[in-house]
Amino acid sequence: MFFYLEVSLNSEVEPLNSEVEPLNSEVEPLNSEVAPLNSEVAPLNSEVAPLNLEVAPLNSELEDQKFKTRNF
C-alpha cells in the first residue's frame, strides 16, 4: 500500500515539476538583479524602522481625532 501511494504521488508531482522548471529559469536571472537591490534596501530599512515607531502613535491619535469628528 505504501508503494502504491508513493507511485501515485510521484505521477502527480512530476508534471508539476515540468511546469516549474521553465519558471525557475526565468526567475534565476531576476534573482541576480534583485540581490544587489536588497543590499541597498537593507540599510534603508534600518533607517525606516525607528521612523515607523514614531509614526504609529501619531496614526492612532489621528484615528481618534477622526472618530471624534465623525460623532459630532
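Begin with the salt bridges of this predicted model: with the cut-off of a Lys or Arg side-chain nitrogen within 4 Å of an Asp or Glu carboxyl oxygen, the count comes to 1 salt bridge.

To see that salt bridge, select Lys66 and Glu63 together and display their side chains, where the closest N and O atoms lie 3.4 Å apart.

Next, show the backbone around the pair as a ribbon: both residues belong to helix 1, which covers residues 2-70, and because Lys66 and Glu63 are 3 residues apart in that helix, about one helical turn separates them.

Now colour the two partners by accessibility. Lys66 has a relative accessible area of 36% and is partly exposed, while Glu63, at 45% relative accessibility, also counts as partly exposed.

Then zoom out and select the whole chain, for which the secondary structure amounts to 1 helix and 0 strands. If you keep the accessibility colouring for this wider view, how many of the 72 residues count as buried? The share of the chain that counts as buried is 0%.

Finally, switch on the surface: the chain exposes about 6,800 Å², and carbon and sulfur atoms supply 63% of that area.

Definitions and conventions: Residues are numbered from 1 along each chain as its sequence is written. This is a predicted model: local features need pLDDT of at least 70, side-chain atom pairs count only at pLDDT 80 or more; totals for chains, interfaces and linings use all residues. Side-chain values use heavy atoms; hydrogens and water are left out. Helices (H or I, at least four residues) and strands (E, at least two) are DSSP runs, numbered from the N terminus. Buried means under 20% relative accessible area, exposed over 50%, partly exposed in between (1.4 Å probe, protein chains only). Accessible areas come from the Shrake-Rupley method with a 1.4 Å probe; for residues, only the protein chains shown count as cover.
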